[in-house]
Amino acid sequence: SVSTQANNYYCDPSGKDSNPGTFANPVASIDKLASLLMPGDFGYIRGGVYRSSKGNSAGVHCSISNKQGT
């Protein structure tokens, strides 16, 4: 049998993308959060203003896709 454990990752606008994404040391961008997530993991996005490298047209959109699985 295979045993797995989900990880929790955190994103906060005052964090740093060089952080590991833990509760105490969150990443800063949603893009970095998405890169850490594996199927079954949880990503928590804390309140605040997030900047996007995609410009203002992406200001109200958040999409993390292709993370399906068990």
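This report walks through a predicted model of a protein, from its overall layout to a few residues of interest.

## Overall layout and confidence

The protein has 1 helix and 2 strands, and from the N terminus on these elements follow the order β-α-β. Strand S1 covers residues 8–11 and helix H1 covers 30–36, while strand S2 spans 42–45. Of the 70 residues in the protein, 21% are buried. Among contacts with a separation of 6 or more, 43% join residues 24 or more positions apart.

How confident is the prediction? The mean pLDDT of the protein is 82, with 67% of the residues at 70 or more. Among the elements, S1 has the highest confidence, at 96, and H1 the lowest, at a mean of 89. A word of care for your reading: where pLDDT is low, the predicted coordinates should not be read in detail.

## The nonpolar core

Let's turn to the inside of the protein. Which residues make up the largest nonpolar core? There are 5 residues in all: Tyr9, Cys11, Val27, Leu33 and Leu37.

Tyr9 is a good place to start looking around. Beyond its neighbours within four places in sequence, Tyr9 is in contact with a list of residues that includes the core members Leu33 and Leu37. Its other contacts are Pro20, Gly21, Leu36, Asp41, Phe42, Gly43 and Tyr44.

## Aromatic pairs

How many aromatic pairs are there? The count comes to 3. In one of them, Tyr10 and Phe23 sit edge-to-face, with 5.3 Å centre to centre and 90° between the planes. Tyr10 belongs to strand S1 and Phe23 to the loop between S1 and H1, so this pair ties together parts that lie 13 residues apart in sequence. The two partners differ in exposure: Tyr10 is buried because its relative accessible area, 16%, is under 20%, whereas Phe23 counts as exposed because its 58% is over 50%.

Another pair joins Phe42 and Tyr44, whose ring centres are 6.5 Å apart; their planes meet at 25°, so this pair is stacked. Phe42 is partly exposed, with a relative accessible area of 45%, and Tyr44 is also partly exposed, at 37%. Ring pairs link Tyr10, Phe23, Phe42 and Tyr44 into a cluster. What lies over the face of Phe23? That is Arg46, at 4.7 Å from the ring centre.

## Around Asp12

Asp12 is found in the loop between strand S1 and helix H1. Is this residue buried or exposed? Asp12 is buried, because its relative accessible area is 15%, under the 20% cut-off. The side chain of Asp12 makes a polar contact with the side chain of Ser14, at 2.7 Å.

Setting aside neighbours within four places in sequence, Asp12 is in contact with Pro26, Val27, Ala28, Arg46 and Tyr50. Two of these names may be familiar: Val27 is part of the largest nonpolar core, and Arg46 is the residue lying over the ring of Phe23.

## After strand S2

Val49 is found in the segment after strand S2. With a relative accessibility of 57%, Val49 counts as exposed. Which separation do the C-alpha atoms of Val49 and Ser14 show? They are separated by 9.4 Å, although the two residues are 35 residues apart along the chain. Ser14 is also the polar partner of Asp12 described above.

Key:
Residues numbered from 1 in each chain as written. Predicted model: local features only at pLDDT ≥ 70, side-chain atom pairs only at ≥ 80, totals over all residues. Heavy atoms only, no water. Helix = DSSP H or I, 4+ residues; strand = E, 2+ residues; numbered from the N terminus. Buried < 20%, exposed > 50% of the residue type's maximum accessible area, 1.4 Å probe, protein only. Polar contact = N/O pair within 3.5 Å; in protein donor to acceptor, adjacent residues only side chain to side chain. Contact = heavy atoms within 4.5 Å. Core = buried A, V, L, I, M, F, W, Y, C linked by side-chain atoms within 4.5 Å. Phe/Tyr/Trp six-rings, centres within 6.5 Å; stacked < 30°, edge-to-face > 60°. Lys NZ or Arg CZ within 6 Å of the ring centre and 35° of its normal. pLDDT = per-residue confidence, 0-100.
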